[in-house]
Amino acid sequence: MISRGLEGIVANTTRLSDVLGEKGQLIYAGYDINELAGKVSFEETIFLLWNERLPDRAELDHLSAELRAHRELPAQVVEFLKAAPGAANPMDVIRTAVSMLGLYDDSKGDSREANYARCLSLTAKIGVLTGYYHRARQGKDLPPVRTDLGEAAHFLYLLNGEEPTKEAADTLDLAYVLHADHGMNASTFTARVVVATLTDVYSAVTAALGALKGPLHGGAHEGVIVMLKEIGDEDKVDAWVDAQFAQKKKIMGMGHRVYKTLDPRAPHLRDMAVKLTAQLGEPKWVRMSERIAELVKQKKNLNANVDFYSATVYYSLGLPTDLFTPIFAIARTAGWTAHILEQLADNRLYRPLSEYTGMPVGLTVKPIDER
Ligand SMILES: CC(C)(COP(=O)(O)OP(=O)(O)OC[C@H]1O[C@@H](n2cnc3c(N)ncnc32)[C@H](O)[C@@H]1OP(=O)(O)O)[C@@H](O)C(=O)NCCC(=O)NCCS
């Protein structure tokens, strides 16, 4: 039997997260995402994914301190971020910088402790290199990393050069929690396939970044903002959606391979989007989104996915559109690294088969001048 795109195929077991497509439920290590959202920070979520349990106060403080202590980038990576083309897709820059981090990590050994240390270092640095690149491409200075801010607040601090409001930091923190892991999605599968060859952690995360960049995966929410701006006004939504369907074009942020009902992350992001756009005096973005979601549901029975509302949340926070996917990547590094550690703990190489549909065997090679 062939399953194109491996749809419906169970490729491995995992204790980290479960996506129940029919129920619209997402579980991280035994906790429903609706239980975690608003109650745990991104740092607690990282601990949960790496340890399969929530930390106590001392463990959380320890992990937070460790992450903060590993923010500093190697000088060569900083030089690269300054030299990288300002017009590049930031995901290309981040992917290259993560690969470079591997060059300057001279730690040895392949024990769980050694790989855990690499995962921690990478998780601590990915937000920093994203923030630094964003500043560098605008010709701005690169402020020294700080150790008095949590992950979300520190990222916003690097982007804007000033401390974020508590509300902005909490909003991004919750978006990080919601994006941290998601079963065997394409980039996580990529990370697991790559590390299962017993290559290194950096190669696996570099590959995962390449997968996440695609518009059918993490790149979708950038498309949502492009779409909303293209539509422009609430009274143009219906005609625009009809035209998309007539041209058989996909509507970004709608549909999901696994969820056949509402993506459980979407309502949390919708609530944030409603609050933020109201504060900004631009509630029309959410109203337009709601109408698109309604029409797509009616016409195709497709539901909004995580990207549909996170786009508006990030936009309302003043984050540049081309950093939406990098922000997803920062959050998902928690999941990728957890899956890498889980894969390595009980490794088996991924090696599926393919069905050959080429020419029947038996062709003979003609001399080149006779072909
Ligand atoms: C996520 C996605 C790739 C899942 O796709 P999939 O499981 O391969 O689903 P299919 O492409 O087989 O779609 C099934 C049907 O729904 C339609 N469909 C799926 N997503 C659609 C969308 N976003 N807009 C319009 N139609 C869509 C397909 O055209 C297809 O219709 P058909 O049966 O008439 O040909 C797909 O829904 C998509 O491209 N969405 C937009 C990108 C996006 O938001 N990605 C982020 C995912 S978190």
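The questions and answers below go through a predicted model, starting with its basis and moving on to its ligand, domains and selected residues.

User: What kind of model is this, and how are its residues numbered?
Analyst: This is a predicted model, in which local features need pLDDT of at least 70, side-chain atom pairs count only at pLDDT 80 or more, and totals for chains, interfaces and linings use all residues. Side-chain values use heavy atoms, with hydrogens and water left out, and residues are numbered along each chain as its sequence is written, from 1.

User: How many residues surround the ligand, and of which classes are they?
Analyst: A residue is near the ligand if one of its heavy atoms lies within 4 Å of it. The closest are Lys-250, Ile-251, Gly-253, Met-254 and Arg-257, and the full number is 17. Ala, Val, Leu, Ile, Met, Phe, Trp, Tyr, Cys and Pro count as nonpolar, Asp, Glu, Lys and Arg as charged, and the others, Gly among them, as polar. By class, the shell holds 7 nonpolar, 5 polar and 5 charged residues.

User: What share of the ligand's accessible area does the protein cover?
Analyst: An oxygen atom of the ligand is 2.8 Å from a polar backbone atom of Gly-253, and a polar side-chain atom of Lys-300 lies 3.0 Å from a ligand oxygen. In the side chain of Asn-305, an N or O atom is 2.9 Å from an oxygen atom of the ligand. On its own the ligand has 860 Å² of accessible area (Shrake-Rupley method, 1.4 Å probe). The part covered by the protein is 67%.

User: How many residues does each domain give to the contact between domain 1 and domain 2?
Analyst: The domain assignment, which is automatic or from a database, gives domain 1 as 12–165 + 180–214 + 326–345 and domain 2 as 220–316. Their C-alpha centres lie 27 Å apart. Contact (heavy atoms within 4.5 Å) takes 15 residues from domain 1 and 12 residues from domain 2.

User: Is Arg-15 buried or exposed, and which side chain does it join in a polar contact?
Analyst: Arg-15 is found in the segment before strand 1 (17–20). Buried means under 20% relative accessible area, exposed over 50%, and partly exposed in between (1.4 Å probe, protein chains only). Arg-15 has 60%, so this residue is exposed. A polar contact of 2.6 Å (a pair of N or O atoms within 3.5 Å, where within protein one must be able to donate a hydrogen and the other to accept it, and residues adjacent in sequence count only if both atoms are side-chain atoms) joins the side chain of Arg-15 to that of Glu-52.

User: Why does Thr-325 count as buried?
Analyst: Thr-325 has its place in helix 16 (residues 324–345). Not counting residues up to four places away in sequence, Thr-325 touches Met-91, Leu-212, Lys-213, Gly-218, Gly-219, His-221 and Glu-222. Thr-325 is buried because its relative accessible area is 1%.

User: How many residues of helix 7 are buried, and which helices are included in what covers them?
Analyst: Helices are DSSP runs (H or I, at least four residues; strands are E, at least two), numbered from the N terminus. Helix 7 spans residues 151–160, and 9 of its 10 residues are buried. Their cover includes helix 2 (42–51), helix 3 (57–69), helix 6 (112–137), helix 8 (166–179) and helix 16.
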